[in-house]
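Let's work through two short exercises on how helices pack. Have the sequence and the model open beside you.

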Amino acid sequence: LGDPMNLGLKKAGRLNPEDDDTIMRYKRHKVTIGKTLFEAENANNYGIECFRVGDFNSAMAYFEKALELTSKERKPARKEVADLKDFIEQKFDNDAQRFFAALSAGEWRLALGRRRFTTLMRGMDYGGDAERLFELMDWGAGMTDGKVTMAELIGVLKAKPAKLASMDGDVLYKGLVLNNLGACMIQRGTPAAALQKLRAAFKIVEKRSKRPEEPMLQRVMMNLAIAYMHLNDFDAALNYLPSILERCEAAQGNLSHDSLTAMYLIGYCFLIKANRFDFIYDRKRMDAKAQENPVEVNYSLALCSFKERLRRQYSALDEIRRERRPVQGAEEQMRSEIAVSHEIIAEIHSKRREFSRAMPHLKKAAAHKESVFQPGDPELLSVWNTLAFTLVRLRHFEEALELMEKAVPAAVVLFGEVSMGAASEMYYRGVVLFKLGAEQGKKDKHKAGVTFDLAIERLVELVGLQDELVDDNDPLVADTAQLLGSVHMAAGNRSAARRSFEKALLIRVQSLGRTHLATASSAHSLGCVYAR
């Protein structure tokens, strides 16, 4: 049991082996009592488990223990095997079978455990590291079952230098642990400290990797790029990401998850650079010519990356459909990721005021999400709202209204009938109805009147809902009264409009002050009523 609390519970007769806390204490003790019983892999693996469930503090503790264990100086495998050969030659006339027979005399002849093996080797006055020798024999067979046999002994003695070099896995494993530790530090919000660990990991893994597309090397480089992104140094991140993309494409293909992730990060870096106006190396080109409008340049580069990613995602979706036995949920997952790409591309077009180009991408995103998610899912609500606002900007009010009519019930399912989420959706539905009525009024006054009446009905429902949610003097109540007054004014109901504007003005004066812009807007609207 090991853990003091578990031992105390056992003595008191209250230890429950199936209790989650008991199991957790046992596992924590198991990976922290030292390498003599449990290897660093145990600590690292358990740290990964904690990382995946979001327990970064516990993950840090296990990764640090694994790093401590892998940082110890170890005797090279080649040197240890050479010492063993000299020992067998001197004491057993170079007869490995005699050596193993003498070693296992009186024991089960097929295998020896760690403790028995090391004790017997020391009893024979073996001058090398018995612990290290046991690990080499156990690991060399690829079984790591905690026992060594005659076959494993012969395998180590006959191992070629390249095989022995591969057994010195501690250094490479240290690089893996450092990488995991760096990833954990990024999640804990300390990217500067993470960079130190990741740089050390990169040096180790790069030196030990046999080929440029080594998966572990890609992971370390990806984490380095992400750490720089957390430090807002997107140019440094972009120094790594193209190389990562090339390696992922060479090792896994253009449609692999890692390749698509690298393209996402490249596009994200350009997008954030454009949004934050934080340019370090983009003011002048390398040929000393001036570069015009760096914001648009970075938006264009982001679009190139995300559109290429989207093209590859559709190719990956086609491959999933052609598979005879596709992985369950793979198509739905890819559709969801495709929808995200469409939304990002639409956002970039919207930032460039290209709403007509954003609209098709938002429609495709909505179609993909509707095929994956159930009604009432937050993902659906988000894309419907974004698409509706884009349609309003393009003056496609009827299409926008159809979406808002779907969004309101979805918000009720998601947030509840009496909720701020539902109230917000109802408010924007009223805005769309008002704009639609104003547009219809240019051609058909009767149709516009019907729309205004519907808008008034919906906004009156909203007023009743707000009475249950907020105080009478809340600015949200003023916003609804202002909108309701505008609809009444457009419908020709001047007296009702005056009452709504007066209510909005009174609330805004009390809650926002006389000099606020919203107060001025209500005062202006009320003045227009009196002027007419």
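Two exercises follow, each with a worked solution.

This is a predicted model, in which local features need pLDDT of at least 70 and side-chain atom pairs count only at pLDDT 80 or more, while totals for chains, interfaces and linings use all residues. Residues are numbered from 1 along each chain as its sequence is written, and side-chain values use heavy atoms, leaving out hydrogens and water.

**Exercise 1.** Work out how α19 and α20 are oriented toward each other.

*Solution.* Start with the axes: helix α19 (residues 378–393) and helix α20 (residues 397–415) come within 9 Å and cross at roughly 155 degrees. Axes are lines fitted to C-alpha atoms, for helices over the stretch in contact, with angles from 0 to 180 degrees between N-to-C directions. Helices are DSSP runs (H or I, at least four residues), numbered from the N terminus. The pair is therefore roughly antiparallel (angles over 145 degrees). Lastly, sort the residues in contact (heavy atoms within 4.5 Å): 16 are nonpolar, one is polar and two are charged. Nonpolar means Ala, Val, Leu, Ile, Met, Phe, Trp, Tyr, Cys and Pro; charged means Asp, Glu, Lys and Arg; the others, Gly among them, are polar.

**Exercise 2.** Do the same for α21 and α23, and find the residues that meet.

*Solution.* The axes of α21 (residues 420–440) and α23 (residues 475–491) come within 10 Å and cross at roughly 25 degrees. These helices are therefore roughly parallel (angles under 35 degrees). Next, look for side-by-side residues: Tyr-427 and Phe-434 are among those of α21 that meet α23, whose partners include Leu-483 and Val-487. This contact divides into eight nonpolar, three polar and one charged residue.

Notes
Helices (H or I, at least four residues) and strands (E, at least two) are DSSP runs, numbered from the N terminus. Angles under 35 degrees count as roughly parallel, over 145 as roughly antiparallel, 65 to 115 as roughly perpendicular and the rest as oblique.
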